[in-house]
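Let's take a friendly walk through a protein model. Have a look at the sequence and the 3D picture below, and then we will visit a few places together.

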Amino acid sequence: MIVRHDGSAVILTPTKTGTRSLEAALLGQGWEVRMPRHGKQHSFVDLRPRVFVTIRHPYARLVSAFTYGTAQGYSGWFLDKVKKGDRRPGAFNQFVLAWIEDWDARYEKLAHHDWLALQSDYVEAANLAPNRGVSVLRLEDGGTRGALQKLSRHLRKVAVVDAPIKNRSRDAPERWQNLWTERLVHAVGSRLDPDLALGGYVRP
């Protein structure tokens with residue numbers, strides 16, 4: 001998460017929602033990174049900050065996790081099923097089915113694991129404090145620059161600067177929708193619906 005030094009604002013950052021780019025843009029503006037980087041919990045009641053959550057289309061987010069995992073050769077949880085550099089059509093299917101299996105069993109394993117958490121889980125965690133409103137920063141609304149523009153409308157002394165993507169997944173498909181077949185969308189079912197509703201998105 002990214003926290004303003006004066007405690008007036010906190011940005012919760014789910015995995016694959018432009019975290020590193022936003023950090024790079026804000027660290028010179030009186031903000032700091034709190035670890036764990038993708039943590040959901042903060043002293044909301046004590047500090048009473050303005051809360052923001054970065055989000056993106058949940059189906060695009062899974063594609064990004066897949067391309068990141070294959071580019072990095074990442075190992076952990078459902079990403080164990082991804083082999084470095086594997087771009088075969090069946091690889092994404094295998095990845096999503098493994099994500100579904102682990103997501104369904106997440107409360108038997110680790111309820112709030114970064115890669116299995118929904119973006120709406122972050123909003124729910126922030127809303128545990130009474131009378132708290134959470135503002136979403138959609139990646140589709142101008143990327144990091146768009147997020148900074150929205151922050152500057154709500155907070156003083158937030159400069160809108162150019163912030164290139166810091167953690168781009170190599171060899172990403174031109175359109176993330178291309179990897180989603182009707183059968184695969186059906187397999188995911190309603191699991192991602194809370195995130196669709198959160199951002200006003202629709203299924204691919």
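**A walk through the model**

Let's begin in a loop: K16 is found between strand 2 and helix 1. Keep in mind as we go that this is a predicted model. K16 is not a glycine, yet its phi is positive, at about 60 degrees. Is K16 buried or exposed? Its relative accessibility is 11%, and buried means under 20%, so K16 counts as buried.

Now compare a second lysine. K157 lies in the loop between helix 7 and helix 8 (182-188). Here too phi is positive in a residue other than glycine, with a value near 60 degrees. The surroundings are another matter: K157 has 76% relative accessibility and therefore counts as exposed.

Next, follow the chain into helix 1, which spans residues 19-26. This helix is mostly covered, with six of its eight residues buried. The buried ones are T19, S21, L22, E23, A25 and L26. What lies over them? The cover includes strand 1 (2-4), strand 2 (9-12), strand 3 (31-33), strand 4 (50-55) and helix 7 (143-154).

Helix 7 deserves a second look. Its axis and that of helix 1 come within 10 Å and cross at roughly 50 degrees. That angle makes helix 1 oblique to helix 7. The crossing of these two helices is right-handed. Helix 1 makes the contact with S21, L22, A25 and L26, while helix 7 brings T144, A147, L148 and L151.

Another loop runs between strand 3 and helix 2 (44-47), and P36 lies in it. The peptide bond that joins M35 and P36 is cis, with omega at about 0 degrees.

Let's finish with the rings. How many aromatic pairs does the structure hold? There are six. In one of them, F92 and F95 have ring centres 6.1 Å apart and planes at 25 degrees, so this pair is stacked. Both F92 and F95 are buried. They sit three residues apart in helix 4 (residues 89-104), which means that about one helical turn separates them. As a general rule, an α-helix has 3.6 residues a turn, so residues three or four places apart point the same way. Ring pairs also build something wider, linking Y59, F66, F92, F95 and W180 into a cluster.

One more ring has a charged companion: K40 lies over the face of Y122, at 4.9 Å from the ring centre.

How values were computed. Residues are numbered from 1 along each chain as its sequence is written. This is a predicted model: local features need pLDDT of at least 70, side-chain atom pairs count only at pLDDT 80 or more; totals for chains, interfaces and linings use all residues. Side-chain values use heavy atoms; hydrogens and water are left out. Rings of Phe, Tyr and Trp (its six-membered ring) pair if their centres lie within 6.5 Å; planes under 30 degrees apart count as stacked, over 60 as edge-to-face and the rest as tilted. Helices (H or I, at least four residues) and strands (E, at least two) are DSSP runs, numbered from the N terminus. Buried means under 20% relative accessible area, exposed over 50%, partly exposed in between (1.4 Å probe, protein chains only). A charge sits over a ring if NZ of Lys or CZ of Arg is within 6 Å of the ring centre and within 35 degrees of the ring normal. Contact means heavy atoms within 4.5 Å. Axes are lines fitted to C-alpha atoms, for helices over the stretch in contact, and angles run from 0 to 180 degrees between N-to-C directions. Angles under 35 degrees count as roughly parallel, over 145 as roughly antiparallel, 65 to 115 as roughly perpendicular and the rest as oblique. A crossing is left-handed if the near helix is turned anticlockwise from the far one by less than a right angle, and right-handed if clockwise.
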